[in-house]
Every structure is written in structure tokens, then in C-alpha cells.
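Visitor: Please take a close look at one part of this model for me. I would like to follow a single chain through its membrane annotation and then to its partner.

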Amino acid sequence: MRTRKAAALAAAVALIAAGCGSKGEKQSGGDADTLTIGASMSLTGSLAREGGLTKEGYELCKKAVNAKGGVAAGGKHLKLDIKYQDDTSKPDTAAQIVDQFNDKGIKLILGPYGSATTEAAAAVIERNGQVMADSSGADDKIFQKGYKRTFAALSPAHSYAASMVQAIAEMATPKPRTMAFLSADDGFSKTVAQSGADEARKLGFTVVATEYFPSGTSDVSAALTKIKPMKPDVIVGSVHVAEGIAIIKQAKELGVRPSGGFAETVAPPTPDFAKSLGADAENVLGSTQWTAKTAGKDKWIGTAADYATQFAAMFGGRAPEYHGAEATAACIALVDAVEKAGGTDPDKVRDALAALDEPTFFGPLKFTPEGQNLTKTMQVVQVQKGKPVTVWPKDAAEAPLIWPGNRS
Amino acid sequence: MAESSTAAPAADTTRPARGRRPRLPAWWPWGGGALLVLGCLGLQSQLYSGQERTVTTVFMFVALAAAWNLIGGYTGYACFGQVGFFGLGAYTTVILMVHARLSFWIALPAAAVVAAVFAAVIGLPLLRLKGHYFAVATLGVAEGLRELVTNVPRWTGGGSGATIPSTGDRAVTPWLGNDGFYLLFLGLAVVCAVVVALVSRGRTGYALRAVNQDEDAAAAMGVNTTVAKTVAFAVSAALTGAAGAAYAFQQVTIYPQRLFDVDITVLMIVMVVLGGAGTVLGPILGAAGIAIASEYLRQHLPEAHDLTLGALIIIAVILLPQGVVNFARDAVRTRDFSLLSNVRRYRL
């Protein structure tokens, strides 16, 4: 009987303690002389490599900003500190991490790697009244939900293939007439392919096919076989590196020879592409967010060439890729906004980001009301003599376009 | 609370050394469970909003592990495609809320029913398979469901993911907030535990244990094994589907890659095995333990957490092959608390 009474008593106590709802969130984040920014990052899992490259970009930004005396806000110089948490490349974990940062009073967030994790994080950012500078979530879908607190430094997905189509329309002679689109079936790649096809139709090309293959596959032969009889003049691939390599290899094996050539978004700008394909990589077009020839200058980094020097000094002589550059640019956007807002109040920083219009080593940073950066253009590169060189837009071109790109 | 079930080889021959097992009053499992739930409600008021979300994930895994335990633990059919029901429940919710514009409170039970019916239908052929064959076949079902979902983008959004409108005029049910989802997942975990407890004590529970130990003998004794197995499979799927529905609404945007991620099935299995398969309490302890350990390691060892967790699980499985709850029961009965002799008894 006594145990029963004790249990009843304990239950009553627990009931009283159980007010529905949580404590909410803490007010301050860290000490007053430090600007603490949170970043959910794919340190493990399927996107660990790209996550690592993005983290390098954030670290370079931190080093450059602190070397210049830190962030000047509210009459003080704040030391920049970035706290990382591993989201294991999973959107649900990224969302959870952003919530945890909010618990600690960290309101300013740098984006995770990839569109799926960024989209999950953006929803939480909006709910919590945080602010996020997005470094790699390019899918247009993220910016069609009415979010007001996520700002992408990079050019959106819809310009990845469209920029190559524009370059071909502007510079290729003889001008090709038909195009076929091959795309991985993840959200980002599909957006790229669909907006590329729309742009092609707008510029007077005939789109003979749009085919999808499973994202991450090494076998694209089914899609290639399907488009072979349509004899497209140009094959545009919306791909990741491995799929881009597979398309070129298997097209050769299957005898698919577009009279103009191939264009493959992000694959050709990476060093792996020309390395794996050798001579077959020649003249393939690609698009990139950034190269070391990009025009523009800012007070933290300097020019794109300066960025390459600093990157090499910090990471054992390696040349920077666009992943690191876009991460550094997102971090700079946030730092500039804190300076302009004169403090870390998230609403003021948000307004400062919305009003931002700054040239940087990454190109201009200026956001649409939806939070996309349309002022900056993508650059189109072509593999020439084993190296990706910029061929478009004309003012940044290192070499003229070689056309037709297909040598066979 | 923990009834016996799994084949405990030598344990049965080792009789208690002396004395009777200390008797606890009959109401203690229910009383203890109620206290635990009240404790969780009390805990909510002590958490920050983001911590709430972390604990919510623990509750979800408690529910999932308890559900897997019905088919994998009690019945002994190692279902490696359980995440298929999770995804099915989630996508049923998306389709009902986005296309049919039904309330979440209708979509949630509907998701459970769809998963149960699907499990009963595929169960008829699949539950005739045993051992590895059953495991591989269910794995195939989950992969097939993922492909299906990826390839009907009109309904599911395909690889680009699907979003449930959760704010403003387009929302059929407003998002529940971290507070709301805490209560929802706690409720789901409680429902799963209670269902397992009821099944465990009832006639079906004995039928399932009989199937687990020797299916032919069970059939010879008059157990309708087909019905017993199919019911266990369907109930397990229904609970998993309901958890999937709640998860979809919590996440708002869902992707087939994550919703049919085999990692989720593996976690359920590890949680059940480490906690104690075929017991009511085991999966609850296993799920809570692993989910908390995994989250702690992720926060404190950014780059080595997977490796560390994997190593811990290997050690735990070697030391406690029958799970924490079964070990504790054996240990109390035989007064032998040595882990080493436990390893000898089960492995060597």
C-alpha cells in the first residue's frame, strides 16, 4: 500500500513539473568580443568531400577576417569564430543542428553543403528568426517558398546549363540546331536541365530529348541509346563529376557523336575530369561559379588571384575549387552585413544582407528579394589542351571557343 | 515488464541457485511506464526548443525499434526492409495532405492503415521465406518502394523531394512546432510500447514466440502460424508507417533517399538486439541508449563519431549478445553478473 501511495505522489509531482512547452531559447551567444557563427556541415556521409571543401572556404574566410583585425561592429572589433557540427550529409540532422544553434543563442548561420540540407536548414532558419548565408544550396526551389532569411552567394541552379546554352548561341559557328539534355534525377540536377532546356528553346534551338538517369550512377548507356537515333547536334549533361565522365566514355563506346559536341555543367572544371578522360575531355564545355580569373575585389581577400594565393598557402599548395570560393563568399556576405548592421541583431543583419551590394573576389554580392544572387554570372569553361579555360562571358574569356567541340 | 521469448540456449538449464525470484506487484510495469511518461513530460519543460527536437528523435527511434521488435524480435523474422513502411507512411501522408488536402490527423491513421495493408499483402508470399531469404526479400521491397516513389514525381516530387505546406493559407494543418512534435512522438512511442506489451501478454504473443522457436512444432500444436506471422508483420508495419507519417510532417520537406535509407532499418535492428529482442523493455532501452549515444558522439567527435559508435556497438554485441534486458534477467536469476561468463555462455 505504501509503495502505491509513493507512486501516486511521484506521479502528482511529475504532473506538476510537466508544463507543456519548452524553455524557448537562450538570449546571448558567446562573449561580447567574439562574433560566433554556426555552420552545419557534411563532415561525414555521402557529401563529406564537398563538405570538407566548403569548410576550407569558411576557415579561409575566418583567417582572412581575423588577420584584418576582425569584424568592426558597434564600435568594437569582434573576433570571428565559426562553430561546426556534422550533419552526416542528412537533411533532418542539418535541421536539428540549426535548432540546436538557436538554443545556444547563435542566430547567424553559414549554410551546409548541398541543396537538400540547405532547404531543410532554411525552413528552420525562417521559423527561428535566424539568418543564413547559403554557400552551396543552388536549387531554385529553396527560394520559391517565400523565405526571407536565407541568402545565397552563388548563382542559382537555373543558370548552370543556361549559361552554356547562351555561350553556344552567342559564339558557336556553325550554329547548332538541336540539343538533347541528359540529367541526373536529383532535384538540383533536374532544375538545371529543365531551365537549360527552356533557355535553349528561347534561343531558337530544338530540344529533341530530355532524359534522366539515377543520380550517382556510373552507367548512362540506356539514356545515351535512347537519344542516339535523334542525332542531336549538342548533348548537354546536367551532372556530377562521375556521371559527366561516364557520359563521355560511354558515348564514345556507343558511337554517339554529336556534330557540335558536349556540354556538362560542373564536371569539366574539376581537375579529375581531364585526368580521367585524357584526350576525350578536349573541347567539352562546362560551367563554373568561379575561376581564379573572376573580376572583382574586396577588402578581406583582394582579387580572385589573391584568393588562389591565400588558399594555396593555407592548404598545402592546392589550387582552390569553386566550392571553397563560394563558401568564403557566403561568409564575407555575412561578415559585411554584420558590419553594416553595426551588430549581431538577426533582424538588422537580415536587412543589411537584403540591401547588400558589394563587389568581391567571387563577383558581385547582391540579392533579389527571394535571396538569390542574380547579379553574378556563371562562367563557361572549355577543356583546351587538358586544362579548363574560361571562354564566356567574353569580358572574362581567356581563349576563344573552339567549335565544333567534337573532334571525331 | 520483460517477458521471456528468445531462445536462450543454456540459460534455461541453469536454475536459480537459491530462493525465489523477488516478486514485484502485478501493476508495476504499467505504473513504471506511466511514471516514465510523466518524467518525459516533466523533462519537456526543462529543455530548450532545439533540445526538444533531439529528444523527439529518440522517441521516434523508440517507436520504430518497438515496432520492429514485433516481427524481428518476437516472431524471429529479421525484416531488413522495415524502412519501406516508414517511407510508405511518410509518402501516404504527403499525398493525402498535398493532393487530397486532408488534415494531418486523418493522414496519420491512414498512413498506418496503408502500411498495414501493404505489409499483409506482401507478407503472404514473403513470410513463407525464412532466415536470410526473408531478410533479402524485404530489403528488396524497400528498395523497390524507393524506386517507385522516385519515379512518380507527379505524386511524390521524385528525387527533388516533396514539401508539405505547413504555414499560411496553404497549410491544411498548421505545423505543430517543436513542442507539439515532442508530444506527438512521445505519444507514438507510448502507443508502440503498449501495443507490444499487450501483444506480448496475449495469446498472439505466445503464438509468435512459438513460431520463433520452432515454426513446425508451433503449427503441429495448433497455432495458425500464417495468421500469427501476418498479424505481427502488419501491426509492426502500421506502427512504423505512423512514425513515418509523423516524421514527414515534422521534416516538412522529404526526400526518397532519406525516407528509404537502409541506415534507419539497421538502427532499428541494432537497437532491438542490444536492448533485448523479444522483450517489451529491451527496444525502449536500446533505442534510447543508442540514439542518445549517437547524438552525443556526433556533437563531440565531429569526424570520428560513426567509427566510435560502430566500435561501441561491436563491443556491446560481443559482451551482451542476448541484449541488456535478457542479460539482466539471466543475471538476477543466476546471481551471476559477470560479463565474461555471459560471453562464454552465449558464444564460446
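Guide: In this predicted model, residues 266-292 of chain B are 81% helix and 0% strand, and the C-alpha atoms at the two ends lie 16 Å apart. Residues 307-328 of chain B are 82% helix and 0% strand, with 28 Å between the end C-alpha atoms. Both spans come from the UniProt record, an unreviewed entry, which gives the feature "transmembrane region" for chain B at residues 26-43, 55-74, 80-98, 105-127, 180-199, 266-292 and 307-328.

Next comes the side of chain B that faces its partner. Here 37 residues of chain B are in contact with 38 residues of chain A. On the chain B side, at least two residues each come from α1 (28-44), α2 (49-74), α7 (177-201), α13 (281-300) and α14 (305-319). The most come from α1(B), which supplies 8 residues. By type, this side of chain B has 9 nonpolar, 21 polar and 7 charged residues.

Chain A, the partner, has an open sheet of 6 strands with mixed pairing, in the order β2-β3-β1-β4-β5-β6. In chain A, β2 (71-73) and β6 (150-152) are the edge strands; each has a single partner strand, so one side of each lacks a neighbour in the sheet. On average, neighbouring strands are turned by 30 degrees against each other, direction ignored. Within the sheet, β1 (residues 34-41) and β4 (residues 108-110) of chain A pair in the parallel sense over 2 bridges. A:Ala39 has A:Leu110 of β4(A) as its bridge partner. Helix α11 (residues 322-341) of chain A packs on this sheet, and its direction makes about 25 degrees with that of β2(A).

Methods:
Residues numbered from 1 in each chain as written. Chains lettered and ligands numbered in written order. Predicted model: local features only at pLDDT ≥ 70, side-chain atom pairs only at ≥ 80, totals over all residues. UniProt positions renumbered as here; feature names shortened; annotations may be inferred. Helix = DSSP H or I, 4+ residues; strand = E, 2+ residues; numbered from the N terminus. Contact = placed C-beta atoms within 7 Å. Nonpolar A, V, L, I, M, F, W, Y, C, P; charged D, E, K, R; others polar. Pairing = 2+ DSSP bridges. Axes fitted to C-alpha atoms, helices over the stretch in contact; angles between N-to-C directions.
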